[in-house]
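Colleague: Before I use any of these labels, I would like to hear what stands behind them.
Modeller: Ask about them one at a time.

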Amino acid sequence: VRRMLVARLAPEVLNPFGRTAEQETTLRRTIGEILAEPELDLDTSPALVAAVEAAVCGLGPLQPLVDDPLIGDILVNGPGEIFIEREGRLEATTVTLGSAREVIELSERIAALAGRELSVAHPVVDARMPDGSRVNAVIPPVGGPYLSIRKFNRLRLDLVPGGRHGRNWVAEGGLDPAMADLVARLVRARANILVAGETGAGKTTFLRSVTDLFDPAERIGVVEDTAEL
C-alpha cells in the first residue's frame, strides 16, 4: 500500500506533520481506492482506512497524539513509557509501542521525512519538520531509543481586542487591559523588551503578537537557533 501511495500522491500529502484537511481527504480517498482493488481482497471500512493511514504514512499509535491540538510535546522514553505535555502539564499516557525496535523504526521514518539519516553511524537526529515541529531522536549505541516531538504551535493571539486573529491576550486572561496597552506603547516606541520564561510558557506566541504591532514599513531581522517565530 505504501508503494502504491508513493506512486499516486505528492510527498507533502504523505507527510503526517502539517497535512491540510484537503490533503487528508485526498489521502483517505486514495487509500480506500487501493484497498478496494480486487487483488487485495480487503474491505474499505473507515476503521481500516484510518488504521492503514496511521501505519503506512502516519506515526502509528502516536498519530492521535500528533493530531490532538491541545498536546504540545510527545516524549517517548521507551515502548511503554510515553508522556505528553498538555496545556503546560506533563501526563503519562496509555499509548504503547510494541518494542524498542518499533521506537527505532518510527524514529527512522520521522528522520527520513525531514531528509535526515538515523542509523548506527548517525544515532542522534535533531530535525525540524516541514510544518515547524521539532523532533529529537536517539538510538543505540548512544542511548535509548528515545524520541521527542515538539509540535509547531499555530496559536495566534492579538495583543489587544479588535485585532485580525479573533482572539487576544486580554480576553484569554494572559494580560490585563492596562498591561496590554503598555506593551503596545513600548513596541511603538521601539523600546527594548526582554521576554523570558520556561518551556511552554508562551514566549513565542507572545512574540508573534508583539510583531503584529510592528510598522509594515520596518525591516526586521530574526536570529534564532530553531525557526519558530
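Colleague: Is tryptophan 169 buried or exposed, and how do you know?
Modeller: Tryptophan 169 has a relative accessibility of 14%. Buried means under 20% relative accessible area, exposed over 50%, and partly exposed in between, with a 1.4 Å probe and protein chains only. Tryptophan 169 therefore counts as buried. The model is predicted: local features need pLDDT of at least 70, side-chain atom pairs count only at pLDDT 80 or more, and totals for chains, interfaces and linings use all residues. Residues are numbered from 1 along each chain as its sequence is written, and side-chain values use heavy atoms, with hydrogens and water left out.

Colleague: What makes tryptophan 169 and phenylalanine 206 an edge-to-face aromatic pair?
Modeller: Rings of Phe, Tyr and Trp (its six-membered ring) pair if their centres lie within 6.5 Å; planes under 30 degrees apart count as stacked, over 60 as edge-to-face and the rest as tilted. Here the centres are 5.6 Å apart and the planes stand at 80°, so both conditions are met. The structure holds 1 aromatic pair.

Colleague: Which helices does the aromatic pair tie together?
Modeller: Tryptophan 169 is in helix α7 (residues 169-172) and phenylalanine 206 in helix α9 (residues 203-211), so the pair links parts 37 residues apart in sequence. Helices (H or I, at least four residues) and strands (E, at least two) are DSSP runs, numbered from the N terminus. Phenylalanine 206, at 14% relative accessibility, also counts as buried.

Colleague: Why is the contact of glutamate 53 with arginine 28 called a salt bridge?
Modeller: The term requires a side-chain nitrogen of Lys or Arg within 4 Å of a carboxyl oxygen of Asp or Glu. The N to O distance is 2.7 Å, so the pair qualifies. Glutamate 53 belongs to helix α4 (residues 46-57) and arginine 28 to helix α3 (residues 21-35), so parts 25 residues apart in sequence are tied together. Glutamate 53 is buried at 5%, whereas arginine 28 is partly exposed at 38%.

Colleague: How many salt bridges are there in the structure?
Modeller: The structure holds 13. Among them, arginine 101 meets glutamate 105 at 3.4 Å, N to O, and arginine 101 meets glutamate 108 at 3.4 Å. Glutamate 105 and arginine 101 both lie in helix α6 (residues 100-113), 4 residues apart, about one turn of the helix.

Colleague: What makes arginine 101 partly exposed?
Modeller: Its relative accessibility is 41%, which falls between the two limits, so partly exposed is the label. Glutamate 105, at 44%, also counts as partly exposed, and glutamate 108 is partly exposed at 29%.
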